[in-house]
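How do aromatic rings sit against one another in a folded protein, and where should a newcomer begin to look for them? The paragraphs below follow the rings through this structure, one group at a time.

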Amino acid sequence: MASETTPVLSKQVLLWLVVACQSVSVMACGGTYEYAIEEFCLGKFRLDMEELDQHHWCSWEDTVEPYGELTNCTYLIALKMDCFWPNRQVDEFFIRIHKHYFHDCSLSGRQLRDPPNHILGPFIVVPILVTLLMTALVVWRSKRSEGIV
Amino acid sequence: MNRDQPYNKSGLYCNRTWDGWLCWDDTPAGTVTWQNCPNYFPDFDSTEKATKICSESGQWFRHPDTNRTWSNYTLCNFHTTGKLKMAYILYYMAIVGHALSIASLLISLAIFFYFRNLSCQRITLHKNLFVSYVLNSALTLIYLIAVVNNPDVVGRNPVGCKVLHFFHMYMLGCNYFWMLCEGIYLHTLIVVAVFAEEQHLHWYYLLGWGFPLVPASIHAVARKKYFDDNCWMSVETHLLYVVHGPIMAALLVNLFFLLNIVRVLVTKLRDTHRAESNMYMKAVRATLILVPLLGIQFVIFPWRPENRLAGEVYDYIMHILMHYQGLLVATIFCFFNGEVQAALKRQWIQYKAQWGQRRRDHCSMRSTSYTATSITEVPAFMYHHDCNSEHLNGRHTSEDSELVALKTGETYA
């Protein structure tokens, strides 16, 4: 229900904004801009993310498209309102989004990291021990083979 | 940033901020803060530093031209062209080194296979070692040319380049484990069972060719699971120690064996069997020189100097040590080996004599050629000294008397 009324409502608000923005000074890039992006952009993003199962919120392949659309939306509104983009309101907006949707995603990022020490340790120590064992085995066998022709 | 504690020190400070590329923490006024450059951009060197100035008034520095807050990222790509040039120099050095190694090793192998009378167990181990060096150099060359110099292959990240990396790690292991086999063989021969019967080489083959599969496979599995970068090219990971650790262990064990051999030779054999101990000393000396030389790169690898000039010198030395190893091994084990030199000299004399015979078809020259060939026949047994010393003790051959007669003569190598 809300999804059907929001486009209608948003169209009216958008029209009002377009008319009003022409005469409003740049100061509108503060509060009005924030209101605008919350109204127009956040709704669609919320719907997209709800369609996606919550477990997939941290999967970048699945979320890249709605996220990109959200970014684009904020940019277009900034363009329309003749505001500089990016700006503080957009930054804070995205921080709130990240806090809500992506707060427990892993820090994998672009930089690969080594596994933690309790995994790395055995991976290194076990081959070294096996090497030493194998060496001892070969030394022992070569010692014994001198008795055999 | 939002999760961090609020600033709890007194005095003016600049607020924590995000400048579009990096996060900057709260900084006291009048200081310059720095962190490592980001790695998002291909020409940014993530070991360089980016700086940001916090002015006396508690505001971030603004660039005078645009009057916007500005962080200094100029150092991140300032030296990139110079570093790229040096990387290319090192790359070509590596290619030349490996090509020279392959050439000299193939010549050595040809010498070992051609002069059958040089053949014995130690030379067999040398042959295996040289083959592993040739394969290692060949694989490294392929890897360097096809993958490292080819950013679009790295970008595409085909499975083939990871397979190539796996084989590269395997051959690297084979290299050093054959050095270990040489050490174990000498140790068994000299310390454990002096002048013993021939050993069974099966276990040596297993250790040299079979066992390195283990660290290489473990590395591949660990890399795939935890650090799966493109073509596994990155050296910034400690997972490489899965392969380098066993290699270092093998080199340390080798060093210990060789020192033990030297101890035994010096204390026990010097007085009694002078000729043999001298012979073995020379053999051990060659291996003793090589083991630290080959292994030292693994020990000093992590400690690259911070200073730019020292770092460059370090890089050059490391690259020479690493890539010209095959050449070094071939030179020390084959070209500087007295037996090989004597065999080559003999062959040269033989060719000269045959050439002389063809040119002047004299009766006198014919008799000279007979004596020349007979001279070349007899010394063949002299040069078995090192390898077939077991013949002296055990087996009886008809040439024994000649051996004894000639033994009192020169020492070789």
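In this predicted model, a good place to start is chain A, where ring pairs join A:F45, A:W57, A:Y67, A:F93, A:F94, A:Y101 and A:F102 into a cluster. Such contacts belong to a wider set, as a search of the whole structure finds 23 aromatic pairs over all chains. Within the cluster, the rings of A:F45 and A:Y101 have centres 5.3 Å apart and planes at 85 degrees, and because an angle over 60 degrees counts as edge-to-face, this pair is given that name. A:F45 belongs to helix α2 (residues 31-51) of chain A, while A:Y101 belongs to helix α4 (residues 88-101) of chain A, so the pair ties together parts that lie 56 residues apart in sequence. A:F45 is buried, with a relative accessible area of 2%, and A:Y101, at 6% relative accessibility, counts as buried too.

Chain B offers another edge-to-face pair, made by B:F177 and B:F211, whose ring centres are 5.2 Å apart and whose planes stand at 70 degrees. This pair also links distant parts of its chain, for B:F177 is in helix α4 (residues 159-192) of chain B and B:F211 is in the loop between α5 (202-210) and α6 (213-226) of chain B, 34 residues apart. Both B:F177 and B:F211 are buried.

Rings can also be found beneath charged groups. In chain A, the charged end of A:R141 sits over the ring of A:W140, at 5.6 Å from its centre, and in chain B, B:K52 lies over the face of B:W60, 5.0 Å from the ring centre.

Methods
Residues numbered from 1 in each chain as written. Chains lettered and ligands numbered in written order. Predicted model: local features only at pLDDT ≥ 70, side-chain atom pairs only at ≥ 80, totals over all residues. Heavy atoms only, no water. Phe/Tyr/Trp six-rings, centres within 6.5 Å; stacked < 30°, edge-to-face > 60°. Helix = DSSP H or I, 4+ residues; strand = E, 2+ residues; numbered from the N terminus. Buried < 20%, exposed > 50% of the residue type's maximum accessible area, 1.4 Å probe, protein only. Lys NZ or Arg CZ within 6 Å of the ring centre and 35° of its normal.
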